[in-house]
Amino acid sequence: MNQSIVSLSGGNMLVRVTLVALGILTLVSSAAMFAATKTWNRTTGGVWTTAGNWTPNGAPATGDSVIINSTQSANITAVPTISLLALNVTGTCRLVAATSGNTMTVTRTLTVATGVTLSLGTNGGRMNFTLANTATGSVNGTGVLNFDGGTTVRTFMLNGNLTIAPGALMTDLAASAGSAFTLASSGTLQIGSAAGIATTGATGAIQVTGTRTFNTGANYVYNGTSAQATGNGLPATVNNLTINNATGLALGSDVSVSGTLTMTSGNIITGANTLTLGTSPTIRGTLSRTSGTILGNFSRWFTNATVSSVVFPVGTASNYRPSAVSFTAAPSAGGTLLATFVSTYPGENGLPLDDAGTNIINAGDEGYWTMTPGNGLTGGTYTLDVTADGFAGVNNFSTLRILKRNDGASGWTLNGTHATGTGSNSTPTAHRTGMSGFAQVGIGAADSPLPIQLSSFAAVVAGNQVRLNWTTMSELNNYGFEVQKSSNQPDNFTTIPNSFIPGHGTTNVPQSYSFTDNFSGVGAWYYRLKQIDLDGTTFYSDPVMVDILAGVGDQNQPVEFSLKQNYPNPFNPSTMIEYSVAKVEHVRLKVFNVIGQEVATLVDEMRSPGVYSARWDASSVSSGMYFYKLESATNTTMKRMMLLK
């Protein structure tokens with residue numbers, strides 16, 4: 001069919017003329033293609049439908065955009081049921097329905113400016129309001145979106161995306177019959193209020209006295225500028241939950257996220273509550289994280305299948321400490337895995353060790369994770385990656401191991417196979433494969449962290465002998481010790497014959513040990529302990545050093561009474577102190593705090609001329625400046641050191 005098209009335009013009308021070979025003329029009108037922007041031009045109230053109240057002349061039509069300017073302060077009456085493209089309110093006003101129950105719908109943009117109150121209706125002229133699923137709305141600053149008084153309940157229906165900024169409100173301050181708020185499953189509510197969504201309309205972002213419906217399929221965004229609470233009005237299950245608040249969000253109750261948990265900024269504080277990602281083995285949810293940590297209880301659902309890189313970003317407020325679980329052999333049944341981080345405190349026994357073989361007991365900093373299966377999760381083997389940025393005392397991140405224990409009373413053991421650590425000393429990640437069962441896990445030393453708490457280990461030259469003294473604060477399955485030594489280098493150790501000394505099995509009572517070695521020549525000698533477990537597993541301590549000089553017993557030794565700076569300094573939690581003695585005499589090496597109180601005695605014995613070292617384990621004291629003093633009957637010298645936890 002042959003045809004030609006002619007378009008004519010004029011006023012608000014587009015006329016499309018289609019000429020068809022059969023001689024038929026068709027006219028098509030499309031006023032919607034000429035949607036206008038209408039600005040209210042009165043400073044007092046008036047009638048919505050009066051053409052002269054708007055610039056340009058003419059009342060708004062369906063699809064138009066409306067601006068209520070900042071000079072407006074009175075009622076705009078006779079508002080019909082209408083669908084607007086946009087509504088921008090910069091002046092306080094009240095929209096009164098021509099017929100109570102009329103509905104205003106915004107399909108693209110709703111804006112209520114800072115300090116402005118937009119009231120919807122009055123008695124006999126109350127309005128319903130709908131933000132369409134294609135629309136985005138914002139109540140800014142101290143703005144208020146208010147349902148005014150009346151005897152008939154009206155509803156604000158949120159199908160789109162509405163932001164209620166910090167200090168802003170949706171309310172019905174003058175309502176006698178209340179108003180309803182409905183967040184549809186397609187809607188997104190962005191909340192700036194510190195109180196979040198309260199259980200009643202008295203506080204929080206949505207303060208309406210009628211029915212409030214928060215759909216579980218909706219999206220909830222907390223983006224305040226001060227610390228926020230979710231509020232107990234947040235549903236127990238939501239589709240998507242986003243935190244974008246650098247000052248943090250506290251859960252008011254248990255919350256499950258069936259869709260996506262988005263951590264853009266800020267920590268999530270669960271308290272005694274639990275945040276769960278997923279609702280079943282088949283609805284496991286998604287984690288999208290840019291920054292922030294979960295402080296408390298975080299649970300995730302697993303299916304009975306092989307999975308990889310399921311992250312648990314749990315830790316402390318100052319450090320991001322995620323554990324990533326990958327099931328290498330599928331669980332026999334799906335369920336949940338609950339993880340939380342436990343900060344340790346001085347005096348707790350049996351904690352994970354750092355790669356220097358010393359206890360990690362810094363309050364509020366180091367600690368361990370608990371991983372608890374639930375909802376039927378059983379079986380399977382897994383790979384576990386644990387990142388521990390902020391852990392002190394890590395000198396070689398590649399040697400770190402993951403340790404495991406079943407409860408707080410049992411000792412730390414190895415489970416599975418070690419994989420080389422990655423990252424750096426400040427942000428180390430330990431890896432382990434082939435693990436089974438869930439319990440408490442922590443960062444440990446090389447595959448053989450000492451299952452004892454070694455509080456001191458020192459070497460002393462006495463005549464033609466070297467006497468080794470060490471003390472343990474606790475022991476776990478300790479069969480005993482062998483002493484090893486090395487000449488002129490801190491490796492290549494060999495066991496000294498007949499040096500075995502029995503241990504005390506398992507005990508929390510301090511134990512002291514001593515061994516004497518007949519040295520075989522002058523020079524630097526290194527000694528270390530080989531600790532043997534009841535099952536035959538062996539572990540090694542850090543070495544100590546003595547420097548044996550020629551002509552022992554000669555009063556003209558090329559040494560002096562001196563005290564060197566400790567190393568490392570600052571330190572956490574242990575450090576080495578080297579000193580020298582020029583003649584046979586009784587010496588004391590003690591540690592004092594800043595107010596002069598003695599906190600440790602490292603040496604209190606006779607010494608022959610030579611160079612010595614002693615280790616101080618400061619696990620049981622707090623961070624700060626300390627002084628260490630070497631004294632004899634004729635000499636005294638003192639230095640200071642810094643403990644940083």
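This is a short dialogue on reading a predicted model, with Glu598 as the worked example.

Q: Where do I start with the overall fold: how many helices and strands are there in the protein?
A: A good start is to count the elements. Here the protein has zero helices and 56 strands.

Q: What share of the residues is buried?
A: Buried means under 20% relative accessible area. Of the 645 residues in the protein, 52% are buried. As for the surface, about 25,700 Å² is accessible, and carbon and sulfur atoms hold 52% of that area.

Q: And how do I read contacts along the chain: what share joins residues 24 or more positions apart?
A: Take the contacts in the protein with a separation of 6 or more; residues 24 or more positions apart account for 60% of them.

Q: Let's zoom in. In which strand is Glu598?
A: Glu598 belongs to strand S53, which covers residues 598-607.

Q: Why does Glu598 count as partly exposed?
A: The class between buried and exposed runs from 20% to 50% relative accessible area. Glu598 has 42% relative accessibility, so it counts as partly exposed.

Q: Which residues does Glu598 touch, leaving out those up to four places away in sequence?
A: With those left out, Glu598 touches Lys590, Val591 and Phe592. With Lys590 there is also a polar contact between the side chains, at 3.4 Å.

Q: What is the length of the polar contact between the side chains of Glu598 and Thr601?
A: That polar contact, joining the side chains of Glu598 and Thr601, is 2.6 Å.

Q: How far apart in space are Glu598 and Tyr626?
A: Sequence and space are two separate readings. Glu598 and Tyr626 lie 28 residues apart in sequence, and their C-alpha atoms are 9.9 Å apart.

Methods:
Residues numbered from 1 in each chain as written. Predicted model: local features only at pLDDT ≥ 70, side-chain atom pairs only at ≥ 80, totals over all residues. Heavy atoms only, no water. Helix = DSSP H or I, 4+ residues; strand = E, 2+ residues; numbered from the N terminus. Buried < 20%, exposed > 50% of the residue type's maximum accessible area, 1.4 Å probe, protein only. Contact = heavy atoms within 4.5 Å. Polar contact = N/O pair within 3.5 Å; in protein donor to acceptor, adjacent residues only side chain to side chain. Areas by Shrake-Rupley, 256 points an atom, 1.4 Å probe, with all protein chains shown as cover.
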